[in-house]
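Biologist: I am new to this structure and would like a close look at one part of it. Please set the scene for the whole chain before you turn to that part.

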Amino acid sequence: MKCVKCEIELAETWKHCPSCGTVCSSPVLKKDEISGKTTVVAEKKSKNLGFRTEILKEDSLKRDNEAFNTIIDDRYEIEDTIGCGGFAVVFKAKDKKLGNRTVAIKRLLKKYLEGKDECLQVIARFQRESSVIASLNHRNVVTVYDCNTDEEGYYIVMEYISGGTLRDYLNSKGVIPLEEALNIVKGVCQGLSYAHRKNLIHRDIKPSNIMLSIEGNNIVPRIVDFGLARLNSEGFSDVSITGLGMGTPFYVSPEQRRDAKNVNHTTDIYSLGKVLYELVTGEIPDNVDYKLLAQNPSLSEIILKCLKTHPEERFFSIDEMITEIDKLLT
């Protein structure tokens, strides 16, 4: 069974897709039962990580009966479709003006160019994502090279990360060894620390929004998808759309569920605690069972503090969380 939006495999007991938050029907419907289209899924293995990444391929680069040009701005040549979501499609492409550098291009689906209120809000979110990422320069945040519009709509050009997502990696391994899990989460912490110092809150930290790149023998996590990000001070106006979802079930903090517009940086700490729990237990973090962490009280304390119901009881900052992770790594 697969999610009808993002195509990841789902367990029949799940109420929401852990990747995109889509409500699961009972039984979960396959995509071809809804659209009538035949989807071909190609499996590829990373030579370095050895995990399976599912890459969605549709004839003529189609998504919801929409076909995009294979050349963008007489510069970017599309080679493959590497991901589709409810709002955008992501392509692998070559930048012909810069030595055929491989890039990832995230393009808003054409159906959101119709001028309806919801479409305008989705466009605002998409434009904000490009602005947010373009303002960040950190090893643990994906780099944006370009953002523009053409006759087919809005697109963002980003660095191409070949390693797949943390969701792919976790799905293939089931459980991540403790030291490896802590190092991955520490890298995410460092990226979030940088963003938080700029008063930027991500608000949608989850395994599918963490890419994994390879640097030598190291796995380096890179944060992506800042579409729900907002400034923790004056800045971007907030975009809250019914059905869009401000965060993803399983990972979103209690206060963000109640009022997504008025959260602080500790909402990211909560989400990261859920991610760490999932990495070391292999369990979807719907209801956290601390009995699964009983053999490592120090780890349990870190996760427990991240997941406090009241934001003021969590780590004061991401840097404080890094200090506790370092204690476990030494």
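What percentage of the 330 residues in the protein chain do buried residues make up? After that, please take me through the open sheet of six strands and the surroundings of Asp 146.

Modeller: This is a predicted model, in which local features need pLDDT of at least 70 and side-chain atom pairs count only at pLDDT 80 or more, while totals for chains, interfaces and linings use all residues. Residues are numbered from 1 along each chain as its sequence is written, and side-chain values use heavy atoms, with hydrogens and water left out.

Of the 330 residues in the protein chain, 51% are buried (under 20% relative accessible area; exposed is over 50% and partly exposed lies in between, with a 1.4 Å probe and protein chains only). The chain has eight helices and 14 strands (DSSP runs numbered from the N terminus: H or I of at least four residues for helices, E of at least two for strands). Among contacts (heavy atoms within 4.5 Å) with a separation of 6 or more, 58% are between residues 24 or more positions apart.

Now the sheet. The six strands are ordered 5-6-7-8-10-9, and their pairing is antiparallel (two strands pair if DSSP finds at least two bridges between them). Strand 5 (71-72) and strand 9 form the edges, each pairing on one side only.

From the strand 5 edge, two antiparallel bridges connect strand 5 with strand 6 (residues 76-84). Ile 71 has Glu 77 of strand 6 as its bridge partner. The hairpin of these two strands has three residues between them, and Asp 73 has a positive phi there, near 55°. Asp 74 also lies in the loop between strand 5 and strand 6. Asp 74 is not a glycine, yet its phi is positive, about 55°. The relative accessible area of Asp 74 is 61%, which makes this residue exposed.

Strand 6 is in turn joined to strand 7 (residues 88-95), antiparallel, by seven bridges. Glu 77 has Lys 94 of strand 7 as a bridge partner. A hairpin of three residues leads from strand 6 to strand 7.

At the other edge, strand 9 runs antiparallel to strand 10 (residues 153-159), with six bridges joining them. Opposite Cys 147 stands Ile 156 of strand 10.

Asp 146 belongs to strand 9, which spans residues 144-150. Beyond neighbours within four places in sequence, Asp 146 contacts Tyr 76, Tyr 155, Ile 156 and Val 157. With the side chain of Tyr 76, the Asp 146 side chain makes a polar contact of 3.2 Å (a pair of N or O atoms within 3.5 Å; within protein, one must be able to donate a hydrogen and the other to accept it, and residues adjacent in sequence count only if both atoms are side-chain atoms).

Asp 146 is buried but has no salt bridge (a side-chain nitrogen of Lys or Arg within 4 Å of a carboxyl oxygen of Asp or Glu). The nearest side chain of opposite charge is that of Arg 75, 4.8 Å away (Lys and Arg count as positive, Asp and Glu as negative; His and the chain ends are not counted).

Elsewhere, the whole structure has 14 salt bridges. One of them pairs Glu 215 with Arg 139 at 3.0 Å, N to O. This pair links distant parts of the chain, 76 residues apart: Glu 215 is in strand 12 (residues 210-215), and Arg 139 is in the loop between helix 2 (117-134) and strand 9. Both ends are partly exposed, Glu 215 at 35% relative accessibility and Arg 139 at 43%.

Another salt bridge joins Glu 278 and Arg 167, with 2.9 Å between the closest N and O atoms. Because Glu 278 lies in helix 6 (residues 266-281) and Arg 167 in helix 3, this pair ties together parts 111 residues apart in sequence. Glu 278 and Arg 167 are both buried. Arg 75 itself is joined with Asp 95 and Arg 101 in one network of salt bridges that share partners.

Last, the largest nonpolar core has 73 residues, and Leu 272 and Met 321 have the most contacts inside it (buried Ala, Val, Leu, Ile, Met, Phe, Trp, Tyr and Cys residues joined through side-chain atoms within 4.5 Å). Helix 4 (residues 178-197) gives this core its largest share, nine residues.
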